[in-house]
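Student: Please take me through a close look at one part of this model, starting from a single side chain and then following the chain's surroundings outward. I would like one connected explanation, with any term explained before it is used.

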Amino acid sequence: MAPTTDSAGNTEDAAAARASLETLRTEIAKAVVGQDPAVTGLVVALLCRGHVLLEGVPGVAKTLLVRALASALELDTKRVQFTPDLMPSDVTGSLVYDTRTAEFSFQPGPVFTNLLLADEINRTPPKTQSSLLEAMEERQVTVDGTPRPLPEPFLVAATQNPVEYEGTYPLPEAQLDRFLLKLTLPLPSREDEIDVLTRHASGFDPRDLRAAGVRPVAGPADLEAARTAVAETTVSPEITAYVVDICRATRQSPSLTLGVSPRGATALLAAARAWAWLTGRDYVTPDDVKALALPALRHRVQLRPEAEMEGVTADSVINSVLAQVPVPR
């Protein structure tokens, strides 16, 4: 049966959107070297309307990556440096008294943007961390009883340092669970590090992305067309059962005190669906689920202290589960 005009148009829009998003890697690579998995993870999160936790030592281009992504997608971005004295209103905004009108008016905070970079989010107390919960879950901010919607698209990219814990506040499990993916940014290979230094020696300025040649290659319309196509990607009952079995297996692991919740299972399925579409398929395979299992689940499990002392990691537990759970054919 031939497609209708609308469905044919939607198919063309989806194909154009996929082509645009595929060029993101090339465009962002003009500014960021060797972080392709993180770029892909951020795009998957945008397609799923999710948020991302970026973890890596200082100097691996976490901030530059988010800025380059915003520039390549022609999205507005703001950065908040989280510190111990940061107040919730510094993030969400507050009511300000206007002496001319003798009335209070709302002054929007930096959360009113498309890509919010929450830098070193674990350096601020839980009270300020929790100010992001409503924004991340409901995509709105309530001040003085009035809900105010956030722009669309909206993504929080929060960063944290995995090696320095002095003066930090670990993110509560409820907030960790709100992040669709946790992406780890490793140190670059020798070749990539040489490339980074060569660029800087040639005059590369990370504060001037335009001079580096980063140009918009996609936009909000492409994201919307892509999201529509992702929502139509087929998920078989066998794949759904496979995701559930993986998450249930983490709850029975002797190395964990906390396994993956149903929200985590939903996140894994959504991420696998977006990845399947990005790779050019309209159906999800077990390999798609495996590809997204680590970033979607590693921050949703909690290790037993004795397992941690033995060198067990969240990634090793999840890999063990993936090896044990039967794969549907």
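Tutor: A polar contact is a pair of N or O atoms within 3.5 Å, and within protein one of the two must be able to donate a hydrogen and the other to accept it. Keep in mind that the model before you is predicted. With that term in hand, look at Gln 175, where a polar atom of the side chain lies 3.2 Å from the backbone oxygen of Gln 129. Gln 175 belongs to helix α8, which covers residues 173-176, and it counts as buried because its relative accessibility is 1%, whereas the cut-off for buried is under 20%. If neighbours within four places in sequence are left aside, the residues in contact with Gln 175 are Ile 121, Gln 129, Ser 130, Leu 132 and Leu 133, so that Gln 129 appears both in this list and as the partner in the polar contact.

Now move to another buried side chain, His 51, which sits in the loop between α3 (36-47) and β1 (52-55). The relative accessible area of His 51 is 1%, and it is therefore buried. Its side chain reaches the backbone nitrogen of Val 156 at 2.9 Å. Beyond its neighbours within four places in sequence, His 51 touches Met 136 and Arg 139, then Phe 154, Leu 155 and Val 156, and finally Arg 178, Phe 179, Leu 180 and Leu 181. The loop that holds His 51 also holds Arg 49, which has a positive phi of about 55° although it is not a glycine. Most residues other than glycine have a negative phi. Arg 49 has a relative accessible area of 37% and is therefore partly exposed, while His 51, as we saw, is buried.

The next element to follow is helix α4, residues 62-72, in which nine of the eleven residues are buried, so that the helix is largely enclosed by the rest of the structure. The buried residues are Lys 62, Leu 64, Leu 65, Val 66, Ala 68, Leu 69, Ala 70, Ser 71 and Ala 72. What do these buried residues of α4 pack against? Their partners are the helices α2 (24-28) and α3, together with the strands β1, β2 (77-81), β5 (115-119) and β8 (155-160), and both α3 and β1 are already familiar as the two elements on either side of the loop of His 51. Just after α4, Glu 74 takes a positive phi of about 55°, and Asp 144, in the loop between β6 (140-143) and β7, has a positive phi near 55° as well. Asp 144 is exposed, because its relative accessible area is 62%.

The loop between β7 (146-149) and β8 contains Pro 153, and the peptide bond from Glu 152 to Pro 153 is cis, with omega near 0°. In general, most peptide bonds are trans.

Let us end with the helices that pack around α12, residues 262-278. The axes of α12 and α13 (residues 286-297) come within 8 Å and cross at roughly 130°, and the two helices are therefore oblique to each other. The crossing is right-handed, and the residues of this contact divide into eleven nonpolar, one polar and one charged. Among the residues of α12 that meet α13 are Leu 268, Ala 272 and Trp 275, and among those of α13 that meet α12 are Val 289, Leu 292 and Leu 297. Helix α10 (residues 220-231) also packs with α12, at an angle of about 110° and with the axes 9 Å apart, and these two helices are therefore roughly perpendicular to each other. This crossing, too, is right-handed. Here Ala 226, Ala 229, Val 230 and Ala 231 in α10 meet Arg 273, Ala 274 and Trp 277 in α12, and the residues of this contact divide into six nonpolar, no polar and one charged.

Key
Residues numbered from 1 in each chain as written. Predicted model: local features only at pLDDT ≥ 70, side-chain atom pairs only at ≥ 80, totals over all residues. Heavy atoms only, no water. Axes fitted to C-alpha atoms, helices over the stretch in contact; angles between N-to-C directions. Helix = DSSP H or I, 4+ residues; strand = E, 2+ residues; numbered from the N terminus. Parallel < 35°, antiparallel > 145°, perpendicular 65-115°, else oblique. Left-handed = near helix turned anticlockwise from the far one by under 90°. Contact = heavy atoms within 4.5 Å. Nonpolar A, V, L, I, M, F, W, Y, C, P; charged D, E, K, R; others polar. Buried < 20%, exposed > 50% of the residue type's maximum accessible area, 1.4 Å probe, protein only.
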